[in-house]
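Trainee: Before we look at the model together, could you show me how to read helix packing and surface patches?
Mentor: Gladly; let us begin with the packing.

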Amino acid sequence: MGIIAWIIFGLIAGAIAKLIMPGDDPGGIIVTIIIGIVGAVVGGFIGGILGFGGVSGFNIGSFIIAILGAIILLAVYRAVARR
């Protein structure tokens, strides 16, 4: 995927992760976009290691992996930001 596709995909994954885990997080939409993009990459990496496949394009499997990665990253971000 191109960089623009990753940004769009990450934006969507980050927004859905934010809807699933609502809360008052510092940073606003910029942090949500970054968490979504990095979460898509982390989710693809972990999915590839576990044998589920990585983020390979705009399909439902990649979308779910990206959202799960963004949720994990958002939870880690919240745990670190609280300290």
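Mentor: α2 and α3 are oblique to each other, a class left over once angles under 35 degrees are called roughly parallel, over 145 roughly antiparallel and 65 to 115 roughly perpendicular. This is a predicted model, in which local features need pLDDT of at least 70 and side-chain atom pairs count only at pLDDT 80 or more, while totals for chains, interfaces and linings use all residues. Residues are numbered from 1 along each chain as its sequence is written, and side-chain values use heavy atoms, with hydrogens and water left out.

Trainee: At what angle do α2 and α3 pack, and how far apart are their axes?
Mentor: Axes are lines fitted to C-alpha atoms, for helices over the stretch in contact, and angles run from 0 to 180 degrees between N-to-C directions. Here α2 and α3 (residues 60–81) pack at about 120°, with their axes 7 Å apart.

Trainee: Which residues form the nonpolar patch on the surface?
Mentor: Such a patch joins nonpolar side chains (Val, Leu, Ile, Met, Phe, Trp, Tyr) within 5 Å, from residues with over 30% relative accessible area and no salt bridge, that is, no side-chain nitrogen of Lys or Arg within 4 Å of a carboxyl oxygen of Asp or Glu. In this model the members are I8, L11, I12, I29, I30, I34 and V38, and α2 (28–50) gives the most, with 4 residues.

Trainee: Is V38, in helix α2, buried, partly exposed or exposed?
Mentor: Buried means under 20% relative accessible area and exposed over 50%, with partly exposed in between (1.4 Å probe, protein chains only); V38, at 36%, is therefore partly exposed.

Key:
Patches are made of residues with over 30% relative accessible area and no salt bridge: like charges are joined within 9 Å, nonpolar side chains (Val, Leu, Ile, Met, Phe, Trp, Tyr) within 5 Å. Accessible areas come from the Shrake-Rupley method with a 1.4 Å probe; for residues, only the protein chains shown count as cover. Helices (H or I, at least four residues) and strands (E, at least two) are DSSP runs, numbered from the N terminus.
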